[in-house]
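Reader: Could you take me through one part of this model up close, the place where the helices pack together? I'd like a bit of context on the whole chain before you zoom in, and a look at any odd backbone spots afterwards.

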Amino acid sequence: MMQEETGVLKEGFLVKRGHVVRNWKVRWFVLLQDKLLYYKIEGGKKEPSPKGRILLDGCTITCPCLEYENRPLLIKLKTKTNTDYFLECCSREERDSWALDITGAIHAGHPVQVQELHRMKNSFKLLDNISLHDIVERMYDSNTGIKLTRNLDQGNRYKETFTGSALVDWLISNSFAVSRFEAVTLASMLMDENFIRPVGTRSTEAMRFSDPSEKFLDDSTALYMFAENSKKSTSSKEEVQFNISELSGTIVKQGFLVKQGHKRKNWKVRRFVLRADPAFLHYYDPTKEENKPVGGFSLRGCLVSALEDNGVPAGVKGNVQGNLFKIITKNDIHYYIQASSKAERVQWIEAIKPLT
């Protein structure tokens, strides 16, 4: 490991917007005390020297960042020389974890600010000049309002819904709340006043709690909609290329993994989503705007196993980092996948095995 990488605080895949060509590329990021390094992955292996570095001294961080409506899991970093970096994570939990660690590194030399960051405000009062009506009007705005999407819940398909975590992100990014706790309290108020309502099992069940912080779910699987739009809709088959039932299972695990292509045998970073009931593993191209799987398969009857790293196993091509595992479907299709660590490989295998 290079000298520059002593004292690693965190590392993993993130999707980064290019500076010159505004395309999105997956890079391996390494967080140090004072900088964030990013590396190109070539053939499934991290290149030895970084492609770039972001100096954290004087940086400001925006999370959630909703500047790209098709990329809701962004973190924005602005350096003291006013360069903007947009970094996308694979899940809300992952995004919040990166944001917290980067914020900690930015403020590491300022202990008072660190104390402020960790002091959760447990009282919330709506600003005097803002009413709930104003917030709802802003939510409806076609340009800056909350993005409405079609969602599945228990096999039912709803149109014009948003998730709990999407509303929390929106309230913070529009300065109606400064913390997730405040945003959840505010969202509960919107629900109590019947501006929004829960849709589907998870969010409806939470309504029975009296505590506002438990009544509204800051969760990417809890669905809500504007109270006046509350009609369930069924979809036409043309809209969905993947069978609806495949994508309706509960998300058990998701994350970035490196997969070998079937035809060209090249290695690409993909966002994998593991679902149960029904048990499917889908993978997405994180550099693309549309949130549609580029592949996937049923896990029923699959075999999953770790591949030992002494030598490159048969069927595996190219320059690989290691931590390989293989899934063989019941139709005898072989998938070769790399995790970024032995521990991560174990976690994925243990999550997949009970669903086969």
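**A close look at the helix packing**

Author: Sure, starting with the whole chain: its accessible surface comes to about 18700 Å², and carbon and sulfur atoms account for 48% of that. Keep in mind that this is a predicted model. The chain has 356 residues, 47% of them buried, and its secondary structure comes to eight helices and 20 strands. If you take the contacts between residues at least 6 apart in sequence, 53% of them join residues at least 24 apart.

Now for the part you asked about. Two packed helices are described by the angle between their axes and the distance between the axes. Let's begin with H3 (residues 132-140) and H4 (residues 164-173): their axes are 12 Å apart, and the helices pack at an angle of about 110 degrees. That angle makes H3 roughly perpendicular to H4, because anything from 65 to 115 degrees falls in that class. On the H3 side, the residues that meet H4 are Ile 135, Arg 138 and Met 139, and their partners in H4 are Leu 167, Trp 170 and Leu 171. Sorted by class, this contact has five nonpolar residues, one charged residue and no polar ones.

H3 also packs against helix H5, and here the axes come within 11 Å and cross at roughly 95 degrees. H3 and H5 are therefore roughly perpendicular to each other as well. From H3 you get Leu 132, Ile 135, Val 136 and Met 139, which meet Leu 186, Met 189 and Leu 190 in H5. By class, the contact of H3 with H5 has seven nonpolar residues, with no polar and no charged ones. Look at Ile 135 and Met 139 for a moment: they meet residues of H4 and also residues of H5.

Those two names come back in the core. The largest nonpolar core has 27 residues, and the ones that touch the most other members are Ile 135, Met 139, Leu 167, Leu 171, Ile 196 and Phe 216. At least two residues of this core come from each of H3, H4, helix H5 (180-192) and strand E13 (223-226). H5 gives the most, with six residues.

Ile 196 is a good one to click on. Setting aside residues up to four places away in sequence, Ile 196 touches Met 139, Phe 162, Leu 167, Ala 187, Leu 190, Met 191, Phe 216, Met 225, Phe 226 and Ala 227. Apart from this core lies another one, of 23 residues, with Ile 41, Cys 65, Trp 267 and Val 316 among them.

While you're at the helices, have a look at the loop between H4 and H5, where you'll find Ser 175. Ser 175 isn't a glycine, yet its phi is positive, about 65 degrees. With 55% relative accessibility, Ser 175 counts as exposed. Asp 332 is another non-glycine with a positive phi, again about 65 degrees. You'll see Asp 332 in the loop between strand E19 (324-328) and strand E20 (334-338), and at a relative accessible area of 53% it is exposed. Why flag these? Most residues other than glycine have a negative phi, and most peptide bonds are trans.

On the peptide bonds, there are two cis ones to check. One runs from Cys 63 to Pro 64, with omega near 5 degrees, and Pro 64 sits in strand E7 (residues 60-65). Another joins Asp 277 and Pro 278, with omega about 0 degrees; Pro 278 is in the loop between strand E15 (267-276) and strand E16 (280-284).

Two buried residues elsewhere round this off. Cys 90 is in the loop between strand E9 (84-88) and helix H1 (92-106), and it is buried, at a relative accessible area of 6%. Beyond its neighbours within four places in sequence, Cys 90 is in contact with Leu 73, Gln 254, Gly 255, Phe 256 and Arg 271. Glu 344, in helix H8 (residues 342-352), counts as buried at 17% relative accessibility. Leaving out neighbours within four places in sequence, Glu 344 is in contact with Phe 256, Leu 257 and Ala 339. So Phe 256 turns up in the contacts of Cys 90 and in those of Glu 344.

Technical notes:
Residues are numbered from 1 along each chain as its sequence is written. This is a predicted model: local features need pLDDT of at least 70, side-chain atom pairs count only at pLDDT 80 or more; totals for chains, interfaces and linings use all residues. Side-chain values use heavy atoms; hydrogens and water are left out. Axes are lines fitted to C-alpha atoms, for helices over the stretch in contact, and angles run from 0 to 180 degrees between N-to-C directions. Helices (H or I, at least four residues) and strands (E, at least two) are DSSP runs, numbered from the N terminus. Angles under 35 degrees count as roughly parallel, over 145 as roughly antiparallel, 65 to 115 as roughly perpendicular and the rest as oblique. Contact means heavy atoms within 4.5 Å. Ala, Val, Leu, Ile, Met, Phe, Trp, Tyr, Cys and Pro count as nonpolar, Asp, Glu, Lys and Arg as charged, and the others, Gly among them, as polar. A nonpolar core is a set of buried Ala, Val, Leu, Ile, Met, Phe, Trp, Tyr and Cys residues joined through side-chain atoms within 4.5 Å. Buried means under 20% relative accessible area, exposed over 50%, partly exposed in between (1.4 Å probe, protein chains only). Accessible areas come from the Shrake-Rupley method with a 1.4 Å probe; for residues, only the protein chains shown count as cover.
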